[in-house]
Amino acid sequence: MGLDLDFSVVLERWPLFADGAVMTLQLALMAILIGGAIGTFCAIGRGSSNRFIAGLCAGYVETIRNTPLLVQIFLVYFGLASIGFKFSAFSVAAAALAINVGAYTAEIMRAGFEAIPPGQIEAAEGLALSRVQIYWHVILLPAIEKVYPSLTSQFVLLMLASSVTSQISAEELTAVANYVQSDTYRAFETYILVALAYIALSLVLRAAFWVLGQVLFPRQRRLGTPL
Amino acid sequence: MGGTLNANHLLFLGQGALWTIGLSAIALIGGGLVGFLIALARVSPRKAVRLLSGAYVQLVQGTPLLVIMFLGYFGLSALGLRITPLWAAGASLTIYVGAYFGEIWRGCIQAVPRPQWEAAEGLGLSRTQRMLKVILPQAMRIATPPTVGFMVQIIKNTSLASVVGFVELARSGQIINNSLFEPFLIYAIIALIYFALCFPISLLSRRLERRMGVGRAKLMPA
Amino acid sequence: MNQERIVIERPIVVLDKVHKSFGSLKVLDGVSFTVERGDVLVLIGRSGSGKSTALRCIDRFEKIDSGEIRVCDHRVDAADVDLRALRQDVGIVFQSYNLFPHLTIEQNITLAPVSVKGMKKPAARELAKAMLAKVGLSEKLDAYPEQLSGGQQQRAAIARSLAMQPKVMLFDEVTSALDPELTGEVLKVIERLAADGMTMVMVTHEMGFARGIADQVVFMHAGRVHEAGSASILSGPATPELAQFVGTGL
Amino acid sequence: MNQERIVIERPIVVLDKVHKSFGSLKVLDGVSFTVERGDVLVLIGRSGSGKSTALRCIDRFEKIDSGEIRVCDHRVDAADVDLRALRQDVGIVFQSYNLFPHLTIEQNITLAPVSVKGMKKPAARELAKAMLAKVGLSEKLDAYPEQLSGGQQQRAAIARSLAMQPKVMLFDEVTSALDPELTGEVLKVIERLAADGMTMVMVTHEMGFARGIADQVVFMHAGRVHEAGSASILSGPATPELAQFVGTGL
Amino acid sequence: DLLDDITKAGKIRIATDLAIPPSGMIDGAMKPTGSDVETAELLAKDWGLQLEFVQTTGATRIPNVQTNKADIIISTLSVTPERAKVIDFSKPYAALQSVVGCLKSLDVKSWDDLKGKTIAVSRGTTQDTTLTNMKERNLTLSRYEDDATMVTAAVSGQADCVATSATIVSQIGVKAPARAFEPKVSITNFDLAIGVKKGEPKLLEKLDAWVQQNLKNGKLNAIYKKFHGTELPADMRG
Ligand SMILES: Nc1ncnc2c1ncn2[C@@H]1O[C@H](COP(=O)(O)OP(=O)(O)OP(=O)(O)O)[C@@H](O)[C@H]1O
Ligand SMILES: Nc1ncnc2c1ncn2[C@@H]1O[C@H](COP(=O)(O)OP(=O)(O)OP(=O)(O)O)[C@@H](O)[C@H]1O
Ligand SMILES: [Mg+2]
Ligand SMILES: [Mg+2]
């Protein structure tokens with residue numbers, strides 16, 4: 001063994017880690033909220049009969065899915081600044097993550113929409129509901145319910161991916177780890193700790209989504225089975 | 001320091017891109033093997049095997065690849081294993097990709113309709129025969145589109161091999177940028193190269209999906 | 001003086017020379033019929049003869065190629081027909097019940113009255129109760145669709161349509177997916193509706209039922225009205241096609 | 001001297017007080033019946049009465065809670081029953097045909113004889129041809145399942161089972177997914193099997209067919225054998241439940 | 001014993017980060033260059049050994065020697081007591097002259113003027129640690145992953161102040177003449193030393209001797225001046 005582990009120096013800095021974990025969660029939540037909305041609209045847009053809108057949504061999804069998140073983050077952060085828009089690292093990081101997860105959410109939501117039987121929509125039309133009302137009351141929730149496990153996992157992946165925002169000075173968990181390890185040179189201890197922290201955060205996020213699912217889908221709560 | 005982008009730089013980026021492709025191939029093969037075993041273990045009749053493989057997947061999927069790379073490279077040598085960066089990056093990617101493939105393929109195996117399992121059972125086929133002759137051939141068809149789709153993520157994720165000293169595409173861009181200070185130009189070029197590598201594969205996976213009529217959502221690391 | 005108001009009753013549903021093709025397939029080839037207020041029209045015919053398509057055209061789920069369709073005061077064939085107004089006047093129930101699986105029966109029924117007509121929630125709830133009583137499902141207010149049998153789901157779907165207080169009801173083989181016992185339940189509900197004076201157009205394969213309930217029977221064949229008349233045509237068909245159709249006992 | 005060998009024929013299938021629950025739901029509640037060699041037993045009953053479950057228990061797709069099941073010489077209820085040996089003696093065909101879609105019809109049929117019995121490929125091919133001839137599908141040897149109609153697929157599935165030369169065949173509503181014409185095809189094949197002396201247990205809703213083929217009819221109701229006897233019980237039911245069941249024309 | 005191993009192999013493996021100009025970088029022909037690179041080359045030549053660069057990032061410099069993937073580190077490693085607990089340092093071979101640099105137009109003369117302004121640093125560098133520890137001065141830091149990102153932030157307008165080496169501060173103006181920076185406040189100098197795994201006294205002793213000799217004969221100073229534009233501090237030149 002080439003090294004002896006000593007966690008005390010690293011653990012001493014726990015308030016830093018706590019701050020980092022909180023920011024990681026905040027980043028993830030912001031990105032999930034905004035990206036979830038972007039993705040949902042984009043999924044609707046891709047099915048639009050307006051070819052411009054459909055093309056725009058498809059282009060967005062393909063561009064994002066085929067380039068690394070890191071590059072996207074750089075372009076948003078420095079790109080905005082050089083045309084005169086200065087935002088805090090946090091807002092830019094959250095925005096870049098939202099744009100990223102939006103593309104993935106769009107793909108998942110599209111699958112959800114496609115899984116709604118056409119008969120459901122006809123039944124709603126027959127009841128004189130408007131398009132918006134149909135999306136809102138009849139399509140959206142069942143579609144989300146169908147892809148909820150995929151969405152949950154995608155959002156957990158996003159939380160893990162938020163580690164690259166350390167590059168543009170967001171003080172999230174990985175940034176803290178990098179700082180602590182170069183301060184103390186206790187690299188193993190730091191990264192082991194951070195790995196555990198991420199695993200814990202994933203569990204927390206999954207639990208939160210489970211609870212949210214219980215609230216969103218009362219039918220599932222009562223009958224237990226997915227649709 | 002300074003200077004402008006020249007042919008040498010582009011060559012250097014090209015070299016990086018080759019490493020990216022090489023690492024992706026290693027990850028695909030290694031991860032494919034591990035993933036196959038994990039997928040089988042996840043549907044094993046033995047509960048302990050299912051639980052263990054499930055825990056592996058949970059653990060790996062809960063940890064950023066960056067951290068896995070780091071622990072894989074230095075952690076393994078700290079345990080006394082002398083491994084080169086290539087092996088370390090290969091091992092980490094294998095561990096990581098294996099978990100995702102395992103999950104994807106487990107889904108595909110379970111997507112083979114229940115009655116097919118029963119029909120095979122009713123004919124008196126042994127478990128291994130059922131798997132090999134009835135279930136896997138069908139699961140393989142279902143698995144092709146998501147597997148091809150996941151390759152895009154593998155390519156993008158090899159960029160993290162830079163922490164173990166690999167100068168692949170992203171890192172070679174970073175190194176050039178650090179001497180030229182031209183982030184937009186350099187990152188745009190890198191983005192383009194990644195796009196050129198990934199987009200054809202995305203297209204292929206979409207085509208396969210349409211042909212097989214599986215409109216499944218892709219679940220993938222960003 | 002004798003104050004009599006003269007009301008000219010116009011047919012509530014009119015199809016006039018309706019043509020409709022899917023691609024090169026002619027599905028409706030000049031279909032005409034009318035339904036008076038309070039009448040029940042039964043559409044029969046072999047599979048593929050165009051019954052469902054005719055019904056769907058009445059509620060504008062399909063656009064027709066030529067001809068004219070009028071329902072209440074709506075010109076259904078017009079490009080600018082107010083779809084939502086039309087569909088408030090017309091209720092439609094399909095073979096697959098299409099209840100919304102994530103909503104309880106009550107929510108299924110109150111959804112349209114609240115969102116479309118702006119009814120208040122408590123009033124809508126009372127309405128739901130009344131409609132469910134009508135179809136004999138009072139105790140299922142809080143159940144989810146999957147907790148109901150097929151016949152119960154179909155009755156709930158009828159209650160959902162009735163809650164919009166339509167002037168015409170369209171039924172497309174509403175009992176085809178049900179076993180004989182459940183079929184009986186649903187037909188009883190429809191009989192009661194007819195007795196209450198609801199105007200209805202229905203596609204069914206239940207000949208015995210058709211005989212009992214129909215004011216008018218329309219036999220479709222190859223996209224045309226091949227024979228039409230009162231229920232008596234079922235006993236004494238004029239064309240060999242209807243004779244064969246009735247003979248199969250379909 | 002007269003050399004007579006005395007053979008004591010024991011029933012080939014025996015169910016004795018079989019109980020089976022799914023969670024809190026009692027599905028089989030003390031079911032007993034026996035099938036003699038060469039006999040045909042038809043199981044009838046309403047949906048959910050436990051017919052499929054009873055059948056599945058015979059081939060050990062479900063484990064029973066108590067009671068005894070014997071098939072040929074296998075104690076099916078024993079924990080250590082040799083499943084693969086049991087399933088070589090029992091053939092089972094389901095409503096959904098479950099041919100393997102990635103294999104040709106020939107490969108579907110030869111798979112088990114080759115892998116389980118170690119038969120040589122050429123011999124297995126001959127066997128496949130013979131079995132397909134038996135179900136009238138000789139020319140479909142190289143087709144893939146999706147290239148066949150439903151009735152043809154079901155007959156191929158029967159041929160696949162027959163190729164293992166089982167001593168008993170189990171059929172679970174093998175014609176439910178087929179239209180009347182295709183149903184006829186399949187029933188004809190089963191009739192021929194019966195004539196050849198195959199022992200069979202089948203669940204069916206085709207009452208006419210049951211009447212013609214059954215040596216024994218078992219009417220299940222709420223997880224129990226409610227009435228049993230020769231095919232004549234269908235014409236003269238003793239219990240009101242069977243009377244109602246037969247009456248509905250199901 | 002590491003020294004014996006090195007001698008036996010005839011080769012020394014030196015961990016260097018090639019993405020931190022002007023200490024470690026790549027020239028137009030894609031060859032490693034920079035003050036740390038030339039220092040390493042000098043050492044290998046003096047000792048008659050073959051040289052192998054182990055490319056690292058800032059974060060992996062130390063683990064590389066701890067796990068025996070490199071023999072020593074020459075990669076702007078500054079000496080702090082905290083780090084000395086984990087790794088042994090040779091005698092310092094250079095010094096890092098760091099400053100806070102701001103936009104020329106900004107009126108900053110002392111630490112007090114920096115209050116309320118955001119200072120960009122490279123995460124985990126000694127500038128970062130030092131400024132972070134100046135709690136009483138109430139500074140706001142934004143930490144970037146490396147020097148290049150930090151400079152990009154300055155060039156693009158995300159940061160108006162940076163804490164880094166004087167050399168880099170002057171680079172910003174080269175990239176963006178409209179946003180020229182100048183040194184405003186100086187931070188203490190840090191000693192840069194060669195890093196060695198703990199428990200290798202013989203190697204450490206030999207390195208110390210080498211450093212002392214080359215400081216005296218001016219070779220290290222020449223290398224430093226070539227890349228950083230200034231001389232080493234007088235007391236170091238001895
Ligand atoms: N959306 C569509 N696109 C193309 N063809 C269609 C469409 N809808 C119906 N058809 C075709 O139109 C013909 C008439 O269909 P329709 O559903 O009206 O028949 P039907 O009389 O209701 O038959 P059934 O008794 O089977 O319900 C059929 O050949 C059908 O395949
Ligand atoms: N694996 C299972 N888990 C839980 N419940 C089951 C399972 N299989 C069957 N059941 C239940 O057991 C009961 C009897 O089912 P079974 O399939 O034996 O009925 P059946 O007589 O074959 O009906 P059908 O004519 O509809 O096929 C039903 O209520 C069914 O829902
Ligand atoms: Mg129809
Ligand atoms: Mg059954």
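Accessible areas here come from the Shrake-Rupley method with a 1.4 Å probe. I keep that in mind for the entries below, and I note at the start that this is a predicted model.

**Chain A, overall**

With that probe, I find that the accessible surface of chain A comes to about 8900 Å², and that 71% of this surface belongs to carbon and sulfur atoms. I looked up the secondary structure next: chain A has ten helices and zero strands, so that, by the DSSP runs used here, its pattern along the sequence reads α-α-α-α-α-α-α-α-α-α. Along the principal axes, the C-alpha atoms of chain A fill a box of roughly 70 × 50 × 30 Å. I recorded that 58% of the 227 residues of chain A count as buried, and that, of the contacts in chain A with a separation of 6 or more, 78% are accounted for by residues 24 or more positions apart.

**Helix α6 of chain A**

I then turned to helix α6 of chain A, residues 118-126, where the buried residues are Gly119(A), Gln120(A), Glu122(A), Ala123(A), Ala124(A) and Gly126(A). Which elements cover these buried residues of α6(A)? The cover includes α7 of chain A and, from chain C, α1 (51-58), α2 (83-89), β6 (90-93) and α5 (150-162). After α6(A) comes Ala128(A), for which I noted a positive phi, near 70 degrees.

**Contacts between chains**

Six pairs of chains touch, and among them I find the most contacts between chains A and B. Chain A and chain D, by contrast, do not touch, their nearest C-alpha atoms being 15 Å apart. For chain C and chain E, I likewise find no contact, and the closest C-alpha atoms of these two chains lie 48 Å apart.

**The largest nonpolar core**

In soluble globular proteins, nonpolar side chains tend to be buried together. With that in mind I looked up the largest nonpolar core, which has 182 residues, and noted that the members touching the most other members are Leu129(A), Ile109(B), Trp111(E), Leu114(E), Ile119(E) and Leu131(E). Helix α7 of chain A, residues 131-161, supplies the largest share of this core, with 16 residues. I followed Trp111(E) further: leaving out residues up to four places away in sequence, Trp111(E) touches Val100(E), Leu131(E), Met134(E), Arg137(E), Leu139(E), Val185(E), Ser186(E) and Ile187(E).

**Thr16 of chain E**

Is Thr16(E) buried or exposed? Its relative accessibility is 1%, and because the limit for buried is under 20%, Thr16(E) counts as buried. Thr16(E) lies in strand β1 of chain E, residues 11-16, and, not counting residues up to four places away in sequence, I list among the residues it touches Asp36(E), Val37(E), Phe53(E), Gln55(E) and Ile74(E).

**Ligand 2 and chain D**

The residues around ligand 2 include Phe22(D), Leu25(D), Val27(D), Arg46(D), Lys51(D), Thr53(D) and Glu173(D). I sorted the shell around ligand 2 and find three nonpolar, six polar and three charged residues. For polar atoms, I noted that a polar side-chain atom of Ser52(D) is 2.6 Å from an oxygen atom of ligand 2, while polar backbone atoms of Gly48(D) and Ser49(D) lie 2.8 Å and 3.3 Å from an oxygen atom of the ligand. Taken alone, ligand 2 exposes 630 Å², of which the protein buries 59%. The elements of chain D giving two or more residues to this shell are β2 (25-35) and α1 (51-58), and α1(D) gives the most, with three residues.

Terms used: Residues are numbered from 1 along each chain as its sequence is written. Chains are lettered from A and ligands numbered from 1 in the order in which they are written. This is a predicted model: local features need pLDDT of at least 70, side-chain atom pairs count only at pLDDT 80 or more; totals for chains, interfaces and linings use all residues. Side-chain values use heavy atoms; hydrogens and water are left out. A residue is near a molecule or strand if one of its heavy atoms lies within 4 Å of it. A polar contact is a pair of N or O atoms within 3.5 Å; within protein, one must be able to donate a hydrogen and the other to accept it, and residues adjacent in sequence count only if both atoms are side-chain atoms. Helices (H or I, at least four residues) and strands (E, at least two) are DSSP runs, numbered from the N terminus. Ala, Val, Leu, Ile, Met, Phe, Trp, Tyr, Cys and Pro count as nonpolar, Asp, Glu, Lys and Arg as charged, and the others, Gly among them, as polar. A nonpolar core is a set of buried Ala, Val, Leu, Ile, Met, Phe, Trp, Tyr and Cys residues joined through side-chain atoms within 4.5 Å. Buried means under 20% relative accessible area, exposed over 50%, partly exposed in between (1.4 Å probe, protein chains only). Contact means heavy atoms within 4.5 Å.
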